[in-house]
Amino acid sequence: MPILGPALCAGFPSPADDFLEGSLELPRWLAPNPPATFAWNISGDSMRDAGIFDRDLAVVDRSLKAAHRSVVVAAIDGQMSIKRFLVDGNVARLSFENPDLPAFAVEETGEAEIWGVVRFSIRWHIARAGLVR
């Protein structure tokens, strides 16, 4: 898949910027470590302020170590969930990216495990048959 550049203008484009910059090997870019990479459908709006919305697709890499502010998939009391991972001193927290929902310390849950780190999310920008928002 060719990459056009230098960047896609969201204002008024310049005709002088019309040149090919290189190519993108999409499978390698999407999943640099295929055996550890998974895609998850998102349900709900708990991560809306991170730009992750209901029906987006999250690409999750299990080989990455979660760092402060990473978006992660966590198994919380056996339920898989997407959260922001925060480190506050010695306390690890899992936070929603929705001000209507509070952050909570990992130890406040019965059982929590970071399952993987979200590399990016994918959002449809075309109408999909049978799916009405």
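**A guided tour of the predicted model**

Buried residues account for 31% of the 133 residues in the protein. The model on display is predicted, and the tour proceeds from the whole chain to two individual residues.

Begin with the entire protein in a surface representation. Its accessible surface amounts to about 9100 Å², and carbon and sulfur atoms contribute 57% of that area.

Next, switch to a cartoon and colour by secondary structure. One helix and nine strands should be displayed. Followed from the N terminus, the elements come in the order β-β-α-β-β-β-β-β-β-β. If contacts are drawn as well, consider those with a separation of 6 or more: 51% of them join residues 24 or more positions apart.

Now select strand 4 (57–61) and strand 5 (71–76), together with the loop between them, where Arg-69 is located. Arg-69 is not a glycine, yet its phi is positive, at about 80°. Display its side chain and the surface around it: is Arg-69 buried or partly exposed? With a relative accessible area of 43%, Arg-69 is partly exposed, because that class covers values from the 20% limit for buried residues to the 50% limit for exposed ones.

Continue along the chain to the loop between strand 5 and strand 6 (79–88), and select Asp-77 there. Asp-77 also is a residue other than glycine with a positive phi, in this case near 50°. Its relative accessibility is 47%, so Asp-77 counts as partly exposed.

To close, keep both residues selected on the cartoon. Arg-69 marks the loop between strands 4 and 5, and Asp-77 marks the loop between strands 5 and 6.

Notes: Residues numbered from 1 in each chain as written. Predicted model: local features only at pLDDT ≥ 70, side-chain atom pairs only at ≥ 80, totals over all residues. Heavy atoms only, no water. Helix = DSSP H or I, 4+ residues; strand = E, 2+ residues; numbered from the N terminus. Buried < 20%, exposed > 50% of the residue type's maximum accessible area, 1.4 Å probe, protein only. Contact = heavy atoms within 4.5 Å. Areas by Shrake-Rupley, 256 points an atom, 1.4 Å probe, with all protein chains shown as cover.
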